[in-house]
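Here are some notes for a colleague who is opening this structure for the first time. They are best read with the sequence and the 3D view side by side.

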Amino acid sequence: QLQLVESGGGLVQPEGSLRLSCAASGFTLDSYAIGWFRQAPGKEREGVSCISRRGTRTHYADSVKGRFTISRDNAKNTVYLQMNSLKPEDTAVYYCAATLGLTVQAMCVSRGYGMDYWGKGTLVTVSS
């Protein structure tokens, strides 16, 4: 069974940090570009950060530049999203998704339409 599983979400205070993980099972991630997306209640899904198959190209939403870092360890079949200086407006369900065909910028700008596989999400709540 092919699936992506996110982990690492939780409750954190403003200015705190979290690291999300996206692990693949049933297939190897090194053939796929990966994106992190989020959706807050009442809002559209947003492309947060995306990374190419080898990790040489990345894309960040303006709202997270300088605070979030995407990385991948293909040997561990896992992609990470390090989130620092978290703000209440970062509160959302965070999803990872994989694509064979979309470019890094295309999948982030398109908010994830056309991705091949999706995880079920992990909730991040930033609140004091």
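1. Two strands are said to pair here if DSSP finds at least two bridges between them. With that in mind, and remembering that this is a predicted model, one can follow an open sheet of four strands, which are arranged in the order 1-3-8-7 with antiparallel pairing. Its edges are strand 1 (3–7) and strand 7, each of which pairs on one side only. Averaged over the sheet and with direction ignored, neighbouring strands are turned by 15° against each other.

2. At one side of this sheet, strand 1 and strand 3 are joined by five bridges in the antiparallel sense, and within this pairing Leu-4 has Ala-24 of strand 3 as its bridge partner.

3. Strand 4 deserves its own look, since it has two partners to trace. With strand 9 it pairs in the antiparallel sense over seven bridges, and Gln-39 has Val-93 of strand 9 as its bridge partner. With strand 5, strand 4 shares five bridges, again running antiparallel, and here Ile-34 stands opposite Ile-51 of strand 5. Strand 4 and strand 5 form a hairpin with six residues between them, and in the turn Gly-42 has a positive phi of about 80°. Strand 4 is also mostly covered, as six of its seven residues are buried.

4. Turning to the interior, the largest nonpolar core has 29 residues, and those with the most contacts inside it are Leu-4, Trp-36, Phe-68, Val-79, Leu-81, Met-83 and Tyr-94. Several strands each supply at least two residues of this core, among them strand 3 (18–25), strand 4 (33–39), strand 8 (78–83) and strand 9 (92–99). A second core, separate from this one, has eight residues, including Ala-33, Cys-50, Cys-108 and Met-115. As general background, nonpolar side chains in soluble globular proteins tend to be buried together.

5. Which residues does Val-79 touch, not counting those up to four places away in sequence? The list comprises Leu-20, Ser-21, Cys-22, Leu-29, Ile-34, Trp-36, Ile-51, Ile-70, Ser-71 and Arg-72.

6. Is Gly-26, in the loop between strand 3 and strand 4, buried or exposed? Gly-26 is exposed, because its relative accessible area is 57% and the cut-off for exposed is over 50%. Even so, Gly-26 touches Gln-1 and Leu-2, leaving aside residues up to four places away in sequence. Gly-26 and Gln-3 lie 23 residues apart in sequence, with their C-alpha atoms 6.6 Å apart in space.

How values were computed. Residues are numbered from 1 along each chain as its sequence is written. This is a predicted model: local features need pLDDT of at least 70, side-chain atom pairs count only at pLDDT 80 or more; totals for chains, interfaces and linings use all residues. Side-chain values use heavy atoms; hydrogens and water are left out. A nonpolar core is a set of buried Ala, Val, Leu, Ile, Met, Phe, Trp, Tyr and Cys residues joined through side-chain atoms within 4.5 Å. Buried means under 20% relative accessible area, exposed over 50%, partly exposed in between (1.4 Å probe, protein chains only). Contact means heavy atoms within 4.5 Å. Axes are lines fitted to C-alpha atoms, for helices over the stretch in contact, and angles run from 0 to 180 degrees between N-to-C directions.
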